[in-house]
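Here's a quick briefing to read with the model open beside you. Take a look at the fold first, then work through the points by topic.

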Amino acid sequence: MLIVVEGEETEYNYFKSLKTSLQLKTTTVEVVPGKGGDPLVIVETANKWRLRNKQQKQKGREVTYDKIYCVFDGDKPTEYKQALEQAKIYGIIAIPSIPCFEFWFLLHYKYTAKSFEKCKDVIYQLNSELKKDGIKDYDKARDMYSVLESKLDQAIANAQRLEKYHLEEQQTFNIDCANPSTKVHQLVKYLQDQKALI
């Protein structure tokens, strides 16, 4: 599988560290940066990989991707909605977070359905939680997977609870556009399930 991520630090480091931690024996996972903060750029980068993958399959080459994911933020509403539509057209699995990927980190500490105007608001709350663990400030270059690994089950439970909240309590039928929201837990769970196939 291929995971195309928005950033060259935050998301990239997180998924590389997750991959290393899981030591998957039955699944090859490649993580590549999508070069840019525009969700459409991330989806188009993933599509280039998809097209290259299709050509490889046609030539009978072994290294091909069964699944292609793209991980991006929803802080640019117009581009975000276009990116979701394009990903669906291309058959790429979108893993969005609103307003940003750091919301996934916050869910490791607590459940919240309170909307955030900007990513800096998420980071402000995240910093207050990190301080409780003796970490001064959030740093995009830090290996956040290692910092948060012990709280991973809690983050997954909080993300699932939030999905349920948006669907049932708020009757949000387009959960991809709910603020706050994330689908990172779905990708993490999928990877964990691959580990279980050993």
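What follows is a short tour, from the overall fold down to single residues.

This is a predicted model, in which local features need pLDDT of at least 70, side-chain atom pairs count only at pLDDT 80 or more, and totals for chains, interfaces and linings use all residues. Residues are numbered from 1 along each chain as its sequence is written, and side-chain values use heavy atoms, with hydrogens and water left out. The chain carries eight helices and five strands; these are DSSP runs, with helices being H or I of at least four residues and strands being E of at least two, numbered from the N terminus.

**Overall fold**

- Going along the sequence, you'll meet the elements in the order β-α-β-α-β-α-β-α-α-α-α-β-α.
- The radius of gyration is 17 Å, close to the 16 Å that the globule rule gives for 198 residues, so the chain is as compact as a globular protein of that length. That radius is taken over C-alpha atoms, and the rule is 2.2 Å times the number of residues to the power 0.38.
- Along its principal axes, the C-alpha trace spans about 55 × 35 × 30 Å.
- Contacts (heavy atoms within 4.5 Å) reach well along the sequence: of those with a separation of 6 or more, 70% are between residues 24 or more positions apart.

**Surface and charge**

- Of the 198 residues, 47% count as buried. Buried means under 20% relative accessible area, exposed means over 50%, and partly exposed is in between (1.4 Å probe, protein chains only).
- About 10300 Å² of the chain is exposed, and carbon and sulfur atoms supply 47% of that area. The areas come from the Shrake-Rupley method with a 1.4 Å probe, and for residues only the protein chains shown count as cover.
- There are 30 positive and 28 negative side chains, and the centres of the two sets lie 3 Å apart. Lys and Arg count as positive, Asp and Glu as negative, while His and the chain ends are not counted. Each charge is placed at NZ of Lys, CZ of Arg, CG of Asp or CD of Glu.

**Aromatic pairs**

- The whole structure holds eleven aromatic pairs. Rings of Phe, Tyr and Trp (its six-membered ring) pair if their centres lie within 6.5 Å; planes under 30 degrees apart count as stacked, over 60 as edge-to-face and the rest as tilted.
- Trp 49 and Tyr 65 make an edge-to-face pair, because their ring centres are 6.2 Å apart and their planes sit at 65 degrees.
- That pair links distant parts of the chain, with Trp 49 in helix α2 (residues 39-58) and Tyr 65, 16 residues apart from it, in the loop between α2 and β3 (68-73). Both Trp 49 and Tyr 65 are buried.
- Elsewhere, ring pairs tie Tyr 14, Phe 15, Phe 101, Phe 105, Tyr 138 and Tyr 145 into a cluster.

**Strand β4 and the cis prolines**

- Ile 95 is in strand β4 and is buried at 2% relative accessibility. Setting aside residues up to four places away in sequence, Ile 95 touches Tyr 69, Cys 70, Val 71, Phe 72, Lys 183, Val 184 and Leu 187.
- Ile 98 is also in β4 (residues 93-98), buried at a relative accessible area of 7%. Beyond its neighbours within four places, the contacts of Ile 98 include Gly 74, Tyr 80, Phe 103, Asn 179 and Pro 180.
- A cis peptide bond, with omega about 5 degrees, joins Ile 98 to Pro 99, and Pro 99 is in the loop between β4 and α4.
- Asn 179 to Pro 180 is cis too, with omega near 0 degrees; look for Pro 180 in the loop between α7 (152-169) and β5 (181-182).

**Loop residues worth a click**

- His 108 is in the loop between α4 (102-106) and α5 (119-132), yet is buried at 1% relative accessibility. Beyond its neighbours within four places, His 108 contacts Tyr 14, Leu 148, Lys 151, Leu 152, Gln 154 and Ala 155.
- Gly 134, in the loop between α5 and α6 (144-148), is exposed at a relative accessible area of 65%.
- Gln 23 is in the loop between α1 (10-22) and β2 (30-33) and has a positive phi, near 45 degrees, without being a glycine.
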